[in-house]
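Colleague: Could you pick a single part of this model and take me through it closely? I'd be glad to hear what surrounds that part as well.

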Amino acid sequence: MQLDLKTIEALAPDQASLGAAAKLTKRSNWPRLEAYEHLPLIWGECQGSGSNPYRVAFDTSDHGYKCTCPSRKFPCKHILALAWIGATAPDSFALVDQTPDWVNDWLGRRRKPGQSPIPAAAGSEGKSIDEATRPAESAPVEDTAAAERREATQRKRAEDTRSAVSAALDELDQWIADQLRLGLAGFVDASSERCRRIAARLVDLKATALAGRIDELPARLMALRGEERPDAAIRELGKLVLLAKAWRAAPDDAELKRLVSTSETRDQILANPDAIQVESDWEVLGEKIETRRDGLVSHATWLLDLGSTTPRFALLLDFFPASAGRRSGAFAPGDRFKARLVFYPSRNPLRALVAERLGDVVAGAWPVFAPNTAGDPLAAYAAFQDGAPWLAECPVILPAGAIALDEKEGAWWQAASDPHGIALPVAGSVSQTLLGLDLAATAALWNGARLELLASQSSIGRLDLS
């Protein structure tokens, strides 16, 4: 059995399906889990809300699948959960020497033209399953009518999704209007319940990415001081309005679809001829790991391009179920390596995939980026907002400065060139050893209200601040 979580995540139709699958990976949900010892095949029965469990099968070699549930998502959450168990707990499957009739029936119906029929049970009529499922040396090319039917089905599915998302954004507009009518103070106090309700409705209408963003809003508000929460709420609601308006104007835009409904798979990005590719030396600035309310863990790794004349960043974003436990990362803060990255199409390309890693790079100071940003450390944020005002946060390189501490208002970053002017509040707590230390340059995330520090270059070397 050769399965890994990255492959399973790529199969998922959306992040909501991943979250639902994560809740089904408990062994108690599966009264039956079996694997055939001579074929890359697993199957099981998952107990749903009805009296009869759903029958689920998965081919680990070509990722074919079958489930008896009525879901219109392909693959459904039961398929993803079965595959996840196969990847994380393969010992949960009992090895057997024959397959159930319903599995044989599925195998028989999905065989390629020219392939031998599948027997009713392993070894029946003198033929083993290995022999029965062995593909023919050559299969005829799909006929034109079948290709046209498949394309028509895909177009119909895309039209249905677009109509559902449009209806979701209409409901979102009405929901935002209701929150403003009822008052922001009341919204902040009841944000958890209100956001969860509209997020569930957006999932039903296939706006799953947008639902996840709204579902996380209460946690972001609660991380701020009480007097800051109404302003933060109005900023986020305004960004949602702009995002909805932008999607209506260009529903086929790749970036907007990614932010509202579903993201492309890794294979789609790597095969996209329009995707930006950058081969350079990269440094891992830091990582941000958050457990989401939908049961998924978001693992963001921020990279800095060391070969660019102006600050260029890349974001490696990964999702996996919280039930799988923390995974060991491929990178650690401070690592340096040469690689070719492929960026997701976007107005401000940030999210990327490592297409090819070419070797390690020696440590050293960051390059001196031009032009000098000392006059306005948030110039990059303003440019990002001009291009995509719905963005939540932006990576920036801050000029020389230092961290100061205010007993009432917490930590602040203050520019060295203007000690009485430019000062930005820092999220969370900071180490006492940082206070007053001269920082030659600092990488951070700015969301319009708080800095999240990633790393700094100082007189004592590189500092990991994430």
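**One strand pair and its surroundings**

Modeller: Happily! Let's start with strand β12 (residues 401-406) and β13, which pair in the antiparallel sense over six bridges; two strands count as paired if DSSP finds at least two bridges between them. Helices (H or I, at least four residues) and strands (E, at least two) are DSSP runs, numbered from the N terminus. Please keep in mind that this is a predicted model, in which local features need pLDDT of at least 70 and side-chain atom pairs count only at pLDDT 80 or more, while totals for chains, interfaces and linings use all residues. Residues are numbered from 1 along each chain as its sequence is written, and side-chain values use heavy atoms, with hydrogens and water left out.

Within the pair, Leu405 has Ala411 of β13 as its bridge partner. The connection from β12 to β13 is a hairpin of three residues.

From β13 (410-415) we can step into the largest pocket, as this strand supplies at least two residues of the lining. A pocket here is an open set of points on a 1 Å grid over the protein atoms alone, where a 1.4 Å probe fits, with protein on both sides within 12 Å along at least five of seven lines; lining residues have an atom within 4 Å of a point. The space in this pocket comes to about 1700 Å³, a volume being the space filled by probe spheres set on the points, which are joined across faces, edges and corners. Its lining has 50 residues, and those closest to the centre are Arg220, Lys288, Glu290, Ala392 and Glu393. Other elements that each give at least two lining residues include the helices α9 (208-215), α10 (217-222), α11 (229-249) and α12 (254-260), along with the strands β6 (277-291), β7 (296-305) and β8 (313-321). By residue class, the lining has 23 nonpolar, 10 polar and 17 charged members; Ala, Val, Leu, Ile, Met, Phe, Trp, Tyr, Cys and Pro count as nonpolar, Asp, Glu, Lys and Arg as charged, and the others, Gly among them, as polar.

Those three strands also belong to one sheet. Five strands make up this open, antiparallel sheet, in the order β8-β7-β6-β9-β10. Its edges are β8 and β10 (352-360), each pairing on one side only. On average, neighbouring strands are turned by 40 degrees against each other, direction ignored; the axes are lines fitted to C-alpha atoms, for helices over the stretch in contact, and angles run from 0 to 180 degrees between N-to-C directions. In the middle of that order, β6 and strand β9 (residues 336-343) run antiparallel and are joined by seven bridges. Trp282 faces Phe337 of β9 there.

Finally, have a look at strand β11 (residues 394-398), where five of its five residues are buried. Buried means under 20% relative accessible area, exposed over 50%, and partly exposed in between (1.4 Å probe, protein chains only). Cys394, Val396 and Leu398 cover one side of β11 and Pro395 and Ile397 the other, all of them buried. β11 pairs with strand β15 (residues 439-446) in the antiparallel sense over five bridges, and Cys394 stands opposite Trp446 in β15. For contrast, Ala383, in helix α14 (residues 379-387), counts as partly exposed because its relative accessibility is 43%.
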